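Biologist: Before we look at anything in detail, could you show me how to read the features of a model such as this one?

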Number of protein chains: 2
Amino acid sequence: MSHATSHSISDNNAENRASRPLQVAEAIKGYVVSNALKPGDKLPNEAELITLFGMAKGTIREAMRILEAQGLVKTRTGPGGGCFVHEVSETRTRALLSNYFYFRHLTISDIYQLRKQLEPELAADLAGKLDAAAIGELEAITEEYETPPQSKEDDRRHHEASLRFHARLAAHAENHLLGFIIGFMAEVLSEVTTTRRLFEPPNHELWAKGREFQLNLLQALETGDAQRAREIMAQHMSFAEKLMHQQELRVERKLGDL
Amino acid sequence: MSHATSHSISDNNAENRASRPLQVAEAIKGYVVSNALKPGDKLPNEAELITLFGMAKGTIREAMRILEAQGLVKTRTGPGGGCFVHEVSETRTRALLSNYFYFRHLTISDIYQLRKQLEPELAADLAGKLDAAAIGELEAITEEYETPPQSKEDDRRHHEASLRFHARLAAHAENHLLGFIIGFMAEVLSEVTTTRRLFEPPNHELWAKGREFQLNLLQALETGDAQRAREIMAQHMSFAEKLMHQQELRVERKLGDL
DNA sequence: ATCTATTTGTACGTATGTATT
DNA sequence: AAATACATACGTACAAATAGA
């Protein structure tokens with residue numbers, strides 16, 4: 001009862017189109033920034049936030065869900081639990097970006113236009129910069145298509161491994177924007193590979209070419225030959241683009257899973 | 001109070017790490033996809049969703065906030081109101097992407113590495129494809145720096161207008177991924193321009209070069225000379241990169257405003 | 001292993017705001 | 001101007017999870 005309902009805290013006046021939970025969410029972001037909170041730091045708990053912002057429990061919780069959806073916080077129950085600042089994961093960001101392209105369709109050539117430009121950059125950047133573990137991981141991936149594809153299923157697996165190769169490369173990028181974009185594209189292509197029956201029938205020549213490229217690239221990366229790494233990647237992308245040009249199809253984005 | 005609290009609908013069992021609101025949010029996404037709902041279509045209202053998913057009002061509302069934070073739905077009050085599917089806006093997606101880079105810092109060179117590769121592509125794509133209105137808008141922007149900068153403030157305004165030029169160009173990209181990335185980078189650079197005192201003192205030579213480039217580019221775009229448009233843009237980016245190389249500074253991303 | 005304290009999560013019931021008819 | 005149909009916000013009671021004694 002009672003319902004003191006003092007409502008208006010500060011602005012019952014102007015262009016107040018934003019919902020209360022959203023306002024609170026933005027306010028909490030401000031709190032994080034001004035207190036220079038780092039990932040892992042704890043936010044005030046529900047009860048404190050309620051008094052701090054003078055909002056009802058539900059409102060605070062909705063605000064938290066907004067921040068959680070953005071990947072900025074994680075909440076845990078129990079003692080020592082609460083709401084914690086969290087570094088937004090690449091996975092989540094990709095999911096969010098996927099939503100954007102759910103109605104704005106991408107084509108295979110859209111993606112290859114970018115890959116052609118960006119993958120060679122990445123290859124050059126990474127030459128001589130990868131440690132043994134990273135090289136080892138990449139080599140392990142190439143071994144997944146050591147033998148020619150015997151079936152459509154083999155072909156699909158090879159193609160997926162190849163994309164994983166690019167995604168892992170992207171994960172080592174020093175330029176995080178470059179790495180993110182390349183990783184995103186690899187994910188998109190990987191989905192296409194699994195949902196459509198692309199890349200069939202098994203193509204022996206394509207396999208041979210692809211494998212040759214991966215091995216040469218690895219060598220260039222290991223020896224630190226940036227120019228050669230760039231050229232190999234550029235050639236590979238040109239080659240792949242040519243193949244793709246027959247596959248001028250629209251990529252149906254799915255809604256990103258959080 | 002009863003509190004029948006029948007809780008578990010389907011899965012009180014397995015690895016249920018996802019919170020209920022998040023599950024509901026994903027379920028509603030599934031509803032949108034399987035019913036092939038388009039932007040503007042109405043979702044069931046709160047009451048219906050409550051019975052549909054067997055959840056309490058608060059849970060449904062939190063789920064809605066999640067979807068709203070992702071920009072997938074918009075809610076309106078009043079009769080005829082409710083929850084509507086919404087095309088995720090570019091602005092919101094950029095905000096979400098900004099969050100990702102809040103802890104993963106970008107440098108000016110990171111951004112220019114990409115601009116150098118991508119902006120020429122865009123210029124070439126757009127040659128001969130812009131209608132009179134689009135060309136007019138771009139011309140109007142160039143007129144904002146018709147006169148040499150007289151002050152730091154002028155210089156800042158010019159630089160902002162120049163970035164707006166690129167952003168507007170990006171908006172016309174047929175390749176939505178390309179357009180999005182270029183628009184995002186323009187936004188990032190624009191923030192840097194306003195928050196830091198970059199690009200000072202006023203540089204007369206830079207102004208002259210920049211203006212010359214914009215006018216030549218517009219001409220190439222109008223006449224449909226793709227190759228020339230690409231070259232002009234490439235030169236411009238090389239030039240800008242050289243300037244930027246002295247400014248090897250980290251870009252502090254802000255948390256995206258929704 | 002059990003209890004206990006702490007903190008988030010869920011469920012209602014009700015009151016208020018808001019926009020359409 | 002009033003009624004209506006919604007979302008929005010509030011407050012309390014209770015449930016579940018988890019860390020520590």
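**Contacts of one residue, then a helix**

Modeller: This is a predicted model, and a useful start is a single residue and its surroundings: leaving aside residues up to four places away in sequence, Glu62(B) touches Arg61(A), Glu62(A), Arg65(A) and Pro21(B).

Biologist: Is Glu62(B) buried or exposed?

Modeller: Burial is read by counting neighbours, with 20 or more other C-beta atoms within 10 Å as the cut-off. Glu62(B), which is found in helix α3 of chain B, has 27 C-beta neighbours inside 10 Å and therefore counts as buried. Its C-alpha atom is separated by 9.2 Å from that of Arg20(B), although the two residues are 42 residues apart along the chain.

Biologist: How many residues of chain B are in contact with chain A?

Modeller: There are 41 residues of chain B in contact with 41 residues of chain A. On the side of chain B that touches chain A, at least two residues each come from α1 (20-34), α3 (57-69), α4 (90-103), α5 and α8 of chain B, and by class that side has 22 nonpolar, 9 polar and 10 charged residues.

Biologist: Which residues of α7(B) are buried, and where do they sit around the axis?

Modeller: Among the buried residues of α7(B) are Asp155(B), His158(B), Leu163(B), Phe165(B) and Leu169(B). The buried residues cover an arc of only 140° around the axis, which puts them on the same side of α7(B). What covers them includes α5 (108-126), α6 (132-143), α8 (176-195) and α9 (204-223) of chain B.

Note on methods. Residues numbered from 1 in each chain as written. Chains lettered and ligands numbered in written order. Predicted model: local features only at pLDDT ≥ 70, side-chain atom pairs only at ≥ 80, totals over all residues. Buried ≥ 20, exposed ≤ 12 C-beta atoms within 10 Å, placed from the backbone. Helix = DSSP H or I, 4+ residues; strand = E, 2+ residues; numbered from the N terminus. Arc of directions from axis to C-beta. Contact = placed C-beta atoms within 7 Å. Nonpolar A, V, L, I, M, F, W, Y, C, P; charged D, E, K, R; others polar.
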